[in-house]
Amino acid sequence: MKRNLITAVLMTLVTTILLGIIYPLVVTGIAQGLFRDKANGQLITRDGQVIGSRIIAQPFTGARYFHPRPSAAGNGYDAANSGGTNLGPTNQKLIARVADDAARLAAENPNQPVPVDLLTTSASGLDPHISPAAAEFQVPRVARERQMSEEAIRQLVKKHTEGRQWGFLGEPRVNVLELNLDLDSQSSQRATASVAR
Amino acid sequence: MTANGWLQIAVFLALIFLVTKPLGIFMTRVFNRERTFLDPVLRPVERLLYRVTCVDEKREMAWTEYAFAMLLFSVVSMLVLYLLQRTQLYLPFNPQKMAAVPPELAFNTAASFTTNTNWQNYTGEATMSYLIQMAGLAYHNFTSAAVGIVLAIAFIRGIARREKTTIGNFWVDLVRTALWVLLPFCLVGALLLVAEGVPQNLRPYDHAKIVETQQVPKVDANGKLVLGADGKPATDRVSEQVIAQGPIASQEIIKEWGTNGGGFFNANSAHPFENPTPLSNLIEMFAIFAIAAGLTYTLGQMTNSSKHGWAVWHAMAILFLTGVLTLYWAESRGNPLLHGVDQHVSATQPGGNMEGKEVRFGIAASSLFATVTTDASCGAINGWHDSFTPLGGMVPLVNIMLSETIFGGVGAGMYGILIYVVLAVFIAGLMVGRTPEYLGKKIEAYDVKMAMLVTLVFPFVILVFTAISSVQGFGTSSILNPGPHGLTEILYAFTSQAGNNGSAFAGLNGNTTWYNVSGALTMLIGRFMMIIPMLAISGSLARKKYVPPSLGTFPVTTPLFSVLLISVIVIVGALTFFPALSLGPILEHLLMAAGRTF
């Protein structure tokens, strides 16, 4: 009894040092040595200032930009407070929200049905991707606003479209932040902060 | 449902099939204390650990002492986790200056991580310091998994041994599990995940200046719009995004390898930093099932009946496929109540019910993950189960209700299914009218009583707490989704906690006094009230004489046995939970088809 109690206390102490401190620090050391960029969150910097992470969504609402999926993380795209709406399939709040957004988007591009991922919040609220269909849906608007040809925009979308990993894992997707940054660098005028709706 | 989706499911199951034998053989060697390729490195560490902690590695324990040592270790380490959370502000590795966790929440979390549940009533990135994540939460991911595995091994030894009073040494089994079965694979796995994009650092959170400054409506603490002086909604200028990071990869891999499920972030494996690519998703799902699958082979090897191990494996695989295909089918159909939305699957979009799912996973990989995480007692999520279609959301719930025996939690799945095996041979014995035998051991009244205790305690906690919560204000006020879905939220919460799963219909606000305390009790009962009768059976079997099989012995190596085992699992689950399910997800499905909303 007493012997097992002593062992329990010592075991907790010793294994905490081994598994709780040494193990994560060793992984940190190796990861920082081998995969510096990825171990630090794939941050993108411009003029020495961090402007985001390649794999974390940030908000875009201006008509000149491709828009990410709606977000329920904090007040929206809060990368220190991830999460989804958790609304159930029969909840009127979900159905009304989707109907409102669908009407707004249909007005923007009446020629195509609205892809489902543009109307549904992602699980993390930080989904960096949209489906190729959701990008195609936005092409006419972005082309109009930037006075570029739709074909030129489509080329850019294609450039930022990733296929399935190893040809069969996951789904094809478009990275919104990278696409928008590329758009800005292609446009003759630098992006100025556009007025949100 | 697409050909590509089917392929992803098939490849996943094939990988699990391939790992079963080698990992099973490896674990047999570890627990029989035979040589493995890791010995030159790990054996000195092991000896050092025993010296420091006063363990005599040659000493064996009876089941009662084994259980007692396990309980002592759980209590001490749980207490340490509680104290760490309460004092984190004064401890190192806290660059965000996270404040002390409130007492009820700290109690719930300590119970949760000690019992391998990893139910989380908090938002990780906004509550826990790096020290708590590493030395508190990820540490318990190791030890609670190790405790589960050693208990399964103790049970298997009980079956394999003849006329012995002891079932092994708890401390030795614990250390060998941590050093051989968990740590090496986590080192490799963590680095694989970093290579896919899971961060691993100790810096404070980054402040990014976002590309397009936003004007967002100002809201108060209750989420209500704030009006400006002119009566119009006031707006806030947002030009910054705070990006939470930390030592994620080292925690992420043990979260899956030990079927724990407690995420670094609130969004768990849906967060791009926890699960950045479809490949990382596959690695994580593989890690959830690997040990549990391997243990079926270990069972066969240690009891000298490999065919029995495979018969159990096949029963599990059939139940797994049934679940994943139902879930995938339900989610692919989308939500019929949404209008003006293109939910069709095409070459350029996943379609289906995408609320609460991520584009890189789509419907197939999200359905697969949800099935895997609830078959095992993992509880990690890569999409919100609360936002699944009614039938889609019912699959994870049913998986947990079947006591997580479909591969199951590391160790917990094995001793869980062995309880059903005891019941299955008992029922087979009743059918032919002779004393049931299992691998040469007579199954007698004491063993069946203990098995029944396990199968009764589980639904008892779930249904009683669900019933109380669904009629009292302190229970119903936490509901997010009205209608039958609200009942499902509560039912899921207690099922998940009793089953030590930890996934949630997360709309339910669990961070209240009632849910923190009742949940913690549910988790402790769900863990320890299963373990103790289970160890009692093990001790009882170990003492018995070996009875050679005769013509009348029901063979446990045949497809017929697999079918009987599946039937017992499904019938026990259905008899217990069908009424509750029919008032929750089934009712909601019928009402949804009729166009009803809430």
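Helix α1 of chain B bends at T20(B), where a kink of about 35° lies shortly before the proline P22(B); the bend at a residue is taken as the angle between axes fitted to the seven residues ending there and the seven starting there. This is a predicted model, in which local features need pLDDT of at least 70 and side-chain atom pairs count only at pLDDT 80 or more, while totals for chains, interfaces and linings use all residues. Residues are numbered from 1 along each chain as its sequence is written, and chains are lettered from A and ligands numbered from 1 in the order in which they are written.

Helices (H or I, at least four residues) and strands (E, at least two) are DSSP runs, numbered from the N terminus. For the 29 residues of α1(B), residues 3-31, a span of 42 Å is expected at 1.5 Å a residue (times one less than the number of residues), and the end C-alpha atoms agree with this, being 42 Å apart. Its buried residues (20 or more other C-beta atoms within 10 Å of their own, with C-beta atoms placed from the backbone) include F12(B), I16(B), T20(B) and L23(B). Among the elements covering the buried residues of α1(B) are α6 (130-160) and α7 (170-196) of chain B. Just after this helix, R33(B) takes a positive phi of about 60°.

In chain A, an open sheet of three strands runs in the order β4-β6-β5 with antiparallel pairing, where strands pair if DSSP finds at least two bridges between them. Because β4 (129-130) and β5 (161-162) of chain A each have a single partner strand, one side of each is left without a neighbour in the sheet.

Definitions and conventions. Buried ≥ 20, exposed ≤ 12 C-beta atoms within 10 Å, placed from the backbone. Contact = placed C-beta atoms within 7 Å.
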